[in-house]
Structures are given as structure tokens and as C-alpha cells.
Amino acid sequence: MSAVVKSPGFHSSELQSMLYLNGVTKSFDGFKAINNLSLDIAPGELRAIIGPNGAGKSTMMDIITGKTRPDSGEVRFRDNIDLTQYDEADIANLGIGRKFQKPTVIETLTVWENVELALAGNRSVIRALWHKLSSEQGDRINEVIKLVGLKAKTSELAGSLSHGQKQWLEIGMLIVQGPELLLVDEPAAGMTDQETMETAALLKEINREHTVVVVEHDMDFIKALDSKVTVLHEGSVLAEGRLEVVSANPRVIEVYLGR
Amino acid sequence: MLNTKIFERSAIGRLLLADKAGSYLLMVLFAAMVLVPLCNLLMPEGSFLHIPTYIVVLLGKYLCYALLALALDLIWGYCGILSLGHGAFFALGGYVMGMHLMRQIGERGVYGNADLPDFMVFLNWTELPWYWYGFDSFFFSMFMVALVPAALAFVFGWLAFRSRVTGVYLSIITQAMTYALLLAFFRNDMGFGGNNGLTDFKDILGFNLQSDVTRCVLFALSALSVMLAYILCRAIVSSKYGRVLVAIRDAESRTRFMGYRVEHFKLFVFVVSAILAGIAGALYVPQVGIINPGEFGPINSIEIVIWVAIGGRGTLFGAVIGAVAVNYAKTYFTGAFPEVWLFMLGALFVISTLYLPKGIVGVVKQLQDRRAERNAPTSQGAQS
Amino acid sequence: MKLTHIDTHAVFRFILFCLVIILPMQSTAAPIATVGQIKIQREDAALLLNELITAKSTVDKINLINLIANSNLPQRVAVLEALQSGDLYYTKKAKQLVYAHSHADGYSAVAVIGNEDLGVVGSRAVRKISINNELRTVLRGVLAEISLRSENTAERLQAAKNLVRSPAAEFLPAIERALVMESDAKVIEALKLAAAMVNLNSDEQVLRLEAIESFRGSLDSDAMSLLAAMQLTDSDGNYLEPDDLVRESAAAVLKQMRSEAKIYKLIENTFFGLSLGSVLLLTAVGLAITFGVMGVINMAHGEMMMLGAYTTYVIQLLMPNYIDYSIIVAIPAAFMVSGLVGIVIERGIIRHLYGRPLETLLATFGVSLILQQAVRSIFSPLNKSVTAPSWLSGSLEINGALSLTYNRLYIIAFSLIVLLLLVFLLKKTFVGLQMRAVTQNRAMANSMGIRTGWVDALTFGLGSGIAGIAGVALSQLTNVGPNLGQSYIIDSFMVVVFGGVGNLFGTFFAAMSLGVANKFLEPFAGAVLAKIFVLVFIILFIQWRPRGLFALKGRSVED
């Protein structure tokens with residue numbers, strides 16, 4: 001029913017790239033949201049993607065996760081899986097997790113139940129009907145809740161959490177889903193400075209076991225991540241490299257500060 | 001002692017212990033199932049305790065509506081699918097039951113034709129259409145009561161959920177679905193009695209439909225069905241599956257990105273709900289004695305929604321309470337002040353959406369919470 | 001001296017005789033045209049008519065009939081028609097000519113001269129003016145000719161058309177004389193057709209071929225069935241029409257006529273479809289504003305139309321002497337009434353439910369129930385009749401196969417005007433700009449100083465007001481009753497959803513195509529089944545394009 005691919009883990013030597021985009025284009029009513037975009041994320045990498053509003057970051061996320069089909073171009077996961085052939089649920093089961101810009105957790109369920117739903121496993125209707133939680137699974141859930149710092153809130157409704165806590169819960173849900181690749185959309189939006197730094201630390205922690213792609217505006221956050229940076233502008237890559245290098249690029253300065 | 005322990009450990013037991021309001025509801029239903037027929041059959045007519053047959057039938061009707069409301073609450077309250085065409089599944093179940101009852105009339109029809117129902121003789125039909133075959137058999141008919149609504153729900157749901165028709169769009173096309181069926185069943189050449197529908201039923205499994213005993217049994221069966229359906233629905237929403245439904249209701253996209261096939265989850269619950277609605281219709285028809293295309297009316301389907309909304313959506317017992325309360329009000333007002341009823345119903349719609357988003361159940365809960373709040377400081381004060 | 005005793009009666013008969021012999025007689029159905037109308041004084045009229053009582057021979061009667069037909073007597077048509085139908089009698093005693101109808105106690109009689117009601121007379125007191133088949137033939141021709149000479153063009157046209165429908169040899173002279181004098185093109189066309197219909201049964205091949213040839217270009221259904229009948233064979237396989245040449249040329253002409261008729265049938269169906277589509281457009285365009293632009297599911301939309309229809313009814317009651325103009329007053333009135341009610345609903349209920357479409361749906365459904373019952377309580381649950389203004393009746397005749405009724409033409413024009421005005425309002429005016437701004441980005445519009453609440457109310461009022469206008473149109477088409485709105489609400493939603501939400505052009509296209517599709521399906525499937533097909537089609541269509549035919553494809557719609 002669902003395409004679950006068990007991976008040998010990204011440390012295996014034959015894997016070239018975790019995510020590979022080549023010449024991807026998508027337009028809405030004549031407006032090119034993504035224009036000949038190419039991107040290569042290595043296994044185990046932590047990559048930050050920045051860009052002004054309308055640079056095509058969200059559309060790129062939509063294309064990778066199967067919400068939107070590109071007009072043309074290649075989108076490959078783990079070298080040879082063509083992502084344009086699958087829908088959201090398939091892609092999630094292939095091992096790509098996505099965190100939305102706006103925190104989306106199930107507000108009417110408890111923190112524990114939210115994580116339980118995200119926990120890796122069979123997603124079929126029948127299994128859900130007769131589902132019984134094993135003790136290992138229960139331990140795993142508790143472990144992740146602890147990791148994202150919500151232990152005290154375990155049996156509270158997700159709707160009662162603060163904005164930052166919801167972001168963490170969502171990240172926790174992503175981790176427990178066991179993806180190889182994590183797409184994180186503006187995790188620091190609306191957070192306090194301290195929360196921002198904690199989030200950066202959390203993502204670096206997560207990066208030990210997962211490939212992570214972060215889309216963000218906040219320069220302090222990017223600095224804290226200390227990773228390779230890709231600058232998007234008008235749907236294609238403007239510059240790529242270490243933050244110091246990129247921020248010295250005159251075109252990047254023009255795009256960010258010029259107008 | 002031992003019995004209670006077994007109860008506590010059994011799946012149903014655990015379910016009900018966690019659902020206090022539901023347990024009360026089941027107790028009330030069980031009491032009604034036993035007492036109403038007893039009061040009708042055993043108490044002498046003049047007695048204070050005697051329940052006249054017409055009340056038994058009326059209560060039976062309310063219970064069928066309660067079952068229908070339960071079916072709608074399962075999909076609307078827990079999965080956010082607002083079907084404005086659930087009356088169609090109810091009516092289909094009713095028609096299947098009606099077809100079986102028509103076949104039971106046999107030679108006793110006005111035209112005395114053993115092979116054809118009266119309306120077919122009237123239309124000069126010579127042969128029974130193929131889709132009427134098999135309805136002589138009670139078991140086949142009961143199977144079809146579930147299968148026909150399920151099949152329609154499956155096809156409709158498969159198409160709609162697969163292409164992600166959601167929210168008001170889905171509501172509008174469910175209205176179109178029941179409207180199309182309404183028009184179709186009004187046609188004489190459909191072979192379901194056209195305008196007049198199916199009526200003049202005589203007996204069911206050899207028991208006279210007019211007799212008090214049969215009516216009491218039908219009432220008890222209705223009560224039992226509501227109880228079983230309630231337990232089934234509670235089991236569904238308490239499982240992990242139920243939590244996925246809630247996740248779909250509150251954040252459909254998120255659920256998809258978690259890897260759940262939203263369309264499969266929706267389709268399953270939609271079909272279950274349609275079957276429950278069909279059973280409600282099948283129980284309804286022998287009690288009221290007629291099924292006609294009017295049951296497909298788009299307005300009927302919208303009325304079901306108001307029962308659930310008034311009772312309290314997403315609670316299951318609220319749906320049962322709402323269906324009985326609104327229909328009791330309808331019976332009372334259409335009898336006493338017919339002019340006022342539509343004003344009342346209209347106002348109910350407006351008030352319940354504006355001021356009582358959680359329905360009767362929500363109001364009761366609010367009152368309880370307030371009382372608990374009031375009590376808490378005083379007990380604290382006594383301690384200090 | 002003697003002269004004084006000559007009774008006027010005898011003199012009159014003499015004059016009559018003289019007249020009759022100088023009349024050119026071409027057939028027994030004596031022509032009456034060559035002599036101008038004879039002016040007859042009142043007393044002479046009595047004499048002339050009373051001649052009918054005394055005339056015995058068929059020839060005398062024929063002459064009399066011709067004289068009467070040629071006279072300027074006001075009652076000539078009535079008398080001749082009564083004679084033809086056998087309702088002309090005379091009283092035995094007074095020798096008075098009467099119209100009589102059999103009655104339980106004898107005959108109810110009315111004097112021909114003076115129109116005096118004589119009440120019921122015994123069956124023996126009156127005697128019928130006898131008539132035979134020859135006279136009947138004469139009478140038919142004479143009566144036809146009288147109407148062919150009417151001063152009124154419409155009457156002449158009708159008379160000519162009647163002749164086309166019942167062609168007979170005795171009419172031919174009358175038709176030919178009428179053709180000489182006729183000036184109206186349409187009447188001439190009908191007369192020629194009538195002559196051809198007669199000549200088709202002539203004995204001369206040339207005349208028949210000419211007649212067949214003259215059918216070319218006309219689309220008369222009677223002519224077509226006559227030509228078709230010529231192609232039939234009897235049980236032995238012999239053609240009913242023995243003349244091969246005639247039959248073959250008939251077949252050729254028939255083929256051409258049929259293919260032309262098919263084209264006109266197509267045009268007519270399209271026209272019907274477009275007029276149905278216009279009704280759909282009118283009912284849906286208000287919804288395209290409230291649902292399509294604002295995203296509000298207004299289940300009371302149908303009741304806004306109902307209010308418009310009742311406004312039309314009330315306006316008509318208020319100005320009973322100006323029915324023809326009341327509808328023009330009703331249009332702005334209905335817009336105001338429904339628009340105001342819409343604003344009240346928006347401010348009172350919908351405003352509190354923005355962002356909760358399902359709740360809005362339920363609350364507005366409640367409003368629809370209240371409005372229905374209110375109308376029921378105020379106006380009674382019975383349907384009210386709204387009189388159509390006279391300028392809406394009648395039709396525009398293009399030819400024998402195609403005539404477009406004015407009410408359909410007007411409704412097409414009306415719906416287009418409403419749509420264009422709406423587009424103009426939204427695209428070219430400041431209010432429209434504000435409406436679009438608020439619906440596209442509420443927060444931004446708010447920060448730019450637009451009073452979003454006020455704009456919401458106005459937009460909703462506009463949509464409701466247009467529904468009211470649709471109600472005015474509906475009042476001309478269906479019964480005005482409390483349930484008027486309900487029967488259109490599902491259709492209107494289908495149109496908006498099919499066309500694509502938020503797109504007026506889509507709504508227009510959807511309404512017209514659904515209307516035409518419905519009308520083209522009807523001949524094959526019947527009206528009800530056609531409607532079911534259309535509904536099922538839309539349900540399936542939404543699966544394919546969940547956002548409708550002309551949906552905006554931007555990213556924002558996805559969320």
C-alpha cells in the first residue's frame with residue numbers, strides 16, 4: 001500500500017547524494033516560481049537555504065515533498081528515486097520529513113498522541129484500527145519527547161503549547177518519523193532569541209543522524225548553524241558556499257540590501 | 001467481583017469505563033429497550049404506566065434518527081467530512097428494506113399479483129426487473145441493506161477523496177448526489193414506485209407489522225442497534241485509527257506528510273458511516289410503513305447535521321441526544337404550533353452555530369466545570 | 001298606384017337577381033372579389049338576411065351567401081359561420097333569423113338582427129336553415145376569403161396559415177385573388193405556400209412539379225409531411241404516388257428541406273439552451289460574488305431570489321394599472337430589498353463566522369428556513385401569480401421552423417446586462433477595487449485604511465441584491481411561492497463550482513454550457529434524466545478539477 005523503502009543508511013559509500021535537483025522549473029499562471037533550479041545535498045549534510053520573500057523556497061519544498069509537480073526537471077532522492085512519481089504520503093514513507101513554516105501539530109490531541117501518530121511504522125487503515133503500542137515504541141516516544149524538551153507537557157493538549165513549544169513538538173514528530181532527510185521551513189520564525197539558539201542546537205543534534213535542509217531568514221540562526229549556505233533568488237541559485245563567502249558576494253548583497 | 005474484573009479487562013469494558021457519559025447513555029437505552037415494550041404490552045390500557053403503541057412507534061423513529069445522527073457524527077465530528085447527503089444512504093437502506101417488505105406482500109396486493117408489486121402491475125409491467133431478484137430472501141435483503149449504501153459510499157468517496165475534494169466543495173457535491181438520487185427515484189421507470197414510493201407493507205418474517213408485539217420488537221431492535229453502533233463508533237474513535245481521523249480533521253496536510261494515506265482513512269470511515277445510515281433507514285421503514293423519494297430531499301440531509309450540531313459534534317452521545325431532542329421538539333411544535341416550527345428550526349441553526357458551537361453537551365460540560373470551580377475554592381478555604 | 005303595392009321584398013329580390021347574373025361565375029364557389037363591397041342600409045340588411053329563410057334552391061343560397069359575404073354587414077362572419085356549423089335557425093311564427101343552440105327544453109335563441117336574446121324556445125318553434133355539402137364548401141371558401149381581406153395584417157397572416165394547414169381546391173381562386181392584392185411579404189409567402197399545397201394535388205403534372213419546387217426554401221412541416229407521404233409504398237411495394245417524376249423531385253426537395261430544418265432545430269435548441277443558461281447565470285451570478293469572491297456559503301441565496309420574486313408581486317399589487325411597467329420598477333426594488341436583507345444577515349450572523357465555512361453554511365441554512373416561514377406567514381403558503389407584461393409575450397418569427405419567443409430573448413439580454421454591469425462595477429469602480437482588495441488580502445487592505453467590515457457587508461449585499469434581481473426574472477418563469485429559492489439553490493452552486501470559484505467568466509461559461517447541454521440531452525433522455533446526467537457529470541467533473549473549469553492556479557488557492 002505504501003512505498004516503504006528500507007535504506008541501508010546514508011553512511012554507505014555508494015550513495016552519492018541524498019537529494020538531487022536538476023533544472024527544475026515550475027510556473028504559476030506564467031510566473032516562474034522556480035526557474036532552472038539545481039541543488040545537490042550530500043548524505044549527512046546540514047544545509048541552510050536563504051533567500052528573500054518570493055525566492056521560491058516554499059515552492060521548492062512543495063516540489064520535493066510531492067505537493068506540487070514541477071513543469072520540468074529532475075528531482076531525485078538517494079540517487080535513483082524519482083520523487084516526481086510519488087505523492088506526499090509515499091514520499092513521507094520513503095524517508096523525507098517536512099516541517100511547515102507555520103507550526104502544524106494536531107491541536108486537539110495530546111503531545112504524546114501527536115508523537116505516537118508520527119512514530120515510524122505501518123500506515124495502513126487496518127493496522128491503525130487494531131494498533132497496540134509495544135513497550136519499545138512507548139520508550140521511543142518518551143525519549144523523543146524528552147529530546148525536544150516537552151517531558152512536562154506529555155499529556156497536555158498540543159493546542160495549549162506556546163508557539164516555540166509547538167515548533168519543537170513538530171520537530172520531535174519529524175524525528176520519530178525516522179526520515180533520512182529532514183526539510184525544515186523557517187523553524188525560528190516567531191521565536192525568542194533564546195529559543196532560536198536552542199532550536200539551532202537541536203537541529204545540529206538531529207544532524208548527527210539525519211540529513212537536514214533548513215530554510216531560514218534569520219542570519220543569527222544561520223550563523224549558529226555554521227553550515228553550507230545556498231542563496232535562492234527568483235527561483236534559482238544565486239550563490240552557494242560558507243556563510244562568510246556568500247555574504248561577501250556582491251550580488252547577494254545587492255539582492256538583500258540593494259533595494 | 002470476578003465479573004466486574006472481567007468487565008474491566010475486556011476491550012469493551014475498558015472502552016466504557018473511559019467514557020462515563022457514554023455508559024449512562026447505554027444504560028438509558030438499555031432501560032428503554034426493556035421497559036418501553038413491557039409498559040406497552042403488559043400494562044393495562046388505563047394504567048398510568050401504560051405506553052400507547054403510537055408512542056412506541058414514535059420513540060422507535062427517534063432511535064432510527066439517533067442512529068443516523070451517530071453515523072454523521074462519526075465522519076463530521078471526528079474526520080471533518082460534512083456530508084450533506086447522508087439522507088441518501090438512509091433512504092437507500094430504507095428502500096432495500098421496502099423492497100423486501102414489498103416482496104412479502106405476495107398475492108395480498110390490490111391487484112392480487114403474486115409476482116409483481118402493485119405499482120408495477122399498475123404501470124403494465126409484465127416482468128420483475130432483474131434488480132428486484134433476491135429480495136424475497138430476508139438474509140439477502142439484510143445483506144443488501146449494508147451493501148447498497150456501502151457501495152455508493154465507496155464509489156463516491158473513492159472519487160472524491162482521491163482527488164482531494166474537501167470542505168464545502170465536498171458538502172456541495174454530496175447535496176448534488178442526494179438531489180440526483182431524488183430526481184431518479186421520482187421517475188416511474190426506475191422501478192421503485194416513483195412518486196408514491198413503496199408502501200402497504202403487510203408483515204416481516206411472517207409477523208404482522210401492525211401488531212403491538214412486532215412494533216415493540218422493532219423498537220427494541222432499534223434501541224439495540226443504537227447501542228451496538230455507539231460501541232462500534234466509540235471503539236473506532238478510541239483507536240489509533242480514530243486519532244488519525246482527528247489528525248486529518250485538524251491538519252489534513254500534516255497527516256499526509258506524516259505518511260498516512262488520508263484518502264484511505266476517509267474512505268473507510270465514510271463507508272462505515274454509510275452502512276450505519278443504511279441500517280437506520282432499514283429499521284425506520286417497517287416502523288413508519290412507507291418509503292418514498294422525499295427521503296432523498298436535500299433538506300432532510302441538512303437537518304441531520306443540525307441534530308448533531310445541537311447535541312454536540314464530535315462526542316457521539318451528543319449526536320444521539322441531539323437527534324432525540326430536536327425530533328421531539330419537532331413533533332411537539334408541528335402539532336401544537338405548526339407556524340412556529342420552521343422559525344424554531346431556523347433559529348436553532350443560527351443560535352447553535354453562533355453561540356453553542358459545542359451543542360447541548362458543551363453547555364452541560366461548561367456548567368459542570370463552573371460548579372467544580374465554585375466548589376474548589378470553598379473546599380480549599382475549609383482546609384486552610 | 002300599383003307600384004305603391006309592390007312590396008319592397010319583391011323589388012329587392014329583383015335587384016338581387018340582376019346582381020347575381022352579372023357576377024362572373026367561375027365555379028360554384030362563386031367569386032366575390034370582382035364586385036366591390038355592396039353598401040347595404042339597415043333595413044336592407046334585414047331583408048338580405050331574411051332571404052336565407054326563403055331561399056330554397058342551392059343556387060339561390062350560394063348567391064345569397066356571396067351577397068352577404070360581399071356586404072358590409074357587421075354580422076356577416078357570424079351568420080356565415082353559424083350557417084356552416086348548422087346553428088342558424090328561424091322562428092316559424094315571426095320568420096325571424098336566430099342563432100340557436102340546443103338546450104334541455106328546446107333551443108336557446110338569439111336574434112341575428114339586433115342581437116335580442118329570445119330566451120329558450122320550444123324545439124318546434126324554430127326551424128334550421130338547411131345546408132348541404134356543396135354549400136359547406138362554398139362557405140369555407142367565402143369565410144377564408146373574408147379573413148384574407150381583413151384590414152389587419154396579423155389576421156390575414158393567420159388566415160393564410162390556416163389555408164396552408166387545410167388545403168382544398170375551393171380555396172384556390174380566393175388565394176389567387178388575395179395574392180394579387182396582398183402587399184405584406186409574409187402573407188404573400190404563406191399564400192404562395194397555401195396555393196402550392198393545393199396544387200400539389202392537382203391533376204396536371206406541371207402544376208404539381210411547380211408546387212413541389214416552390215416548397216424549396218420554405219420549412220413548413222405540413223408541406224414536409226405531404227412530400228414524405230409521396231415516398232411511401234403500399235403493402236405490395238408500389239409507391240402511393242404513381243408519377244415517378246413528381247415523386248423524385250419531391251424526394252429531392254424533401255431532402256433539402258429536412259437538412260435545412262435540422263440546422264434550424266439546432267439553432268432553436270441552442271437558443272433554448274442559452275435561455276436556460278441565462279436563467280442559471282442570473283441565479284448563480286450573485287452566488288459567484290458571495291461564494292466565489294467572499295468564500296461565504298450562503299444557503300439563503302435561494303431565499304434572496306424568493307424575496308426578489310415577492311417584491312415583484314408586491315410592486316404589481318401597488319401599481320395595478322401599470323402592469324407593463326411594474327416589472328421595471330421591480331428590478332431596482334428587488335435589488336434593494338434583497339440587498340438590505342443580505343447586509344443584515346452579513347452584519348448579524350456571517351461576520352461572526354468568517355473562516356468557518358461549514359458553520360456559515362449551517363447558519364445561513366437556518367436563515368433560509370426563517371425567511372421561508374416568514375413569507376409563508378405574511379403571504380400565505382400558496383403560490384402567487386405575477387402577470388407577465390404584454391411586451392414579454394409573443395415571438396420573433398425567423399421562418400417556418402424557427403421562432404424565438406420574446407421572453408427568452410429578453411432573459412438572455414437581461415442576464416448579459418446584469419453580468420456586464422457587475423464586471424464593470426468590480427473592475428472599473430473604486431468600490432469594486434476595494435472589494436477585490438479585501439478579498440485578496442484582508443490584512444493589507446485593513447492597514448491601507450479600507451474599512452473591511454463595511455466592504456464585506458457591501459459585497460454580500462451586492463451578491464444578495466443580484467439574487468433579488470434574479471428573483472424578478474424567475475417571477476416571470478415560475479410560480480412565486482415560498483419554495484421558489486430551494487429549487488434553484490443546488491443548480492446555482494453547481495454552476496459556480498463548475499465554472500471555477502472566483503471567476504465571473506467561468507460562471508458565465510458554466511451557466512451557458514450547462515444550459516445548452518441540458519437542452520440537447522432533453523430530447524434523448526427526457527427533462528428529468530437530462531438533469532440527473534448533468535448533476536452526475538458535475539460530480540465527476542469536480543473529481544477531475546476540484547477547483548472548477550477556470551480556477552485560479554496560483555499558490556495561494558492551494559492553502
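## Cysteines of chain B

Cys39(B) is a buried residue, with a relative accessible area of 15%. In this predicted model, the closest cysteine sulfur to that of Cys39(B) belongs to Cys216(B) and lies 9.7 Å away, which is too far for a bond. A disulfide would require the two sulfur atoms to be within 2.5 Å.

Cys64(B) is likewise in no disulfide, the nearest cysteine sulfur being that of Cys216(B), at 14 Å. Cys64(B) also counts as buried, since its relative accessibility is 1%. Over all chains, the structure holds zero disulfides.

## The interface of chain B with chain C

Which numbers of residues do chain B and chain C bring to their contact? Chain B contributes 39 residues and chain C contributes 43 residues. Together the two chains bury about 3600 Å², and carbon and sulfur atoms account for 80% of that area. One salt bridge is counted between chain B and chain C. It is formed by Arg313(B) and Glu359(C), whose closest N and O atoms are 3.9 Å apart. In addition, five residue pairs are in polar contact across this interface, with both residues of each pair at pLDDT 80 or more.

On the side of chain B that touches chain C, at least two residues each come from helix 7 (138-162), helix 8 (167-186), helix 13 (298-311) and helix 15 (338-354) of chain B. Helix 8 of chain B provides the largest share, with 13 residues. By class, this side of chain B comprises 29 nonpolar, seven polar and three charged residues.

## The interface of chain B with chain A

Chain B also meets chain A, with 24 residues of chain B in contact with 30 residues of chain A. The area buried between chain B and chain A is about 2600 Å², of which 62% falls on carbon and sulfur atoms. How many salt bridges are counted between chain B and chain A? The count is six salt bridges. One salt bridge joins Arg243(B) to Glu116(A), with the closest N and O atoms 2.9 Å apart. The residue pairs in polar contact between chain B and chain A number 13, again with both residues at pLDDT 80 or more.

Three elements of chain B, namely helix 10 (240-250), helix 11 (252-257) and helix 12 (262-288), give two or more residues to the side that touches chain A. Of the elements of chain B, helix 10 gives the most to this side, with eight residues. The residues on the side of chain B that touches chain A divide into eleven nonpolar, four polar and nine charged.

## Chain C as a whole

The secondary structure of chain C consists of 22 helices and seven strands. Chain C has 559 residues, and 48% of them are buried. Among the contacts in chain C with a separation of 6 or more, 67% are accounted for by residues 24 or more positions apart.

Terms used: Residues are numbered from 1 along each chain as its sequence is written. Chains are lettered from A and ligands numbered from 1 in the order in which they are written. This is a predicted model: local features need pLDDT of at least 70, side-chain atom pairs count only at pLDDT 80 or more; totals for chains, interfaces and linings use all residues. Side-chain values use heavy atoms; hydrogens and water are left out. Buried means under 20% relative accessible area, exposed over 50%, partly exposed in between (1.4 Å probe, protein chains only). Contact means heavy atoms within 4.5 Å. Buried area is the accessible area (1.4 Å probe) that two parts lose on being put together, summed over both. A salt bridge is a side-chain nitrogen of Lys or Arg within 4 Å of a carboxyl oxygen of Asp or Glu. A polar contact is a pair of N or O atoms within 3.5 Å; within protein, one must be able to donate a hydrogen and the other to accept it, and residues adjacent in sequence count only if both atoms are side-chain atoms. Helices (H or I, at least four residues) and strands (E, at least two) are DSSP runs, numbered from the N terminus. Ala, Val, Leu, Ile, Met, Phe, Trp, Tyr, Cys and Pro count as nonpolar, Asp, Glu, Lys and Arg as charged, and the others, Gly among them, as polar.
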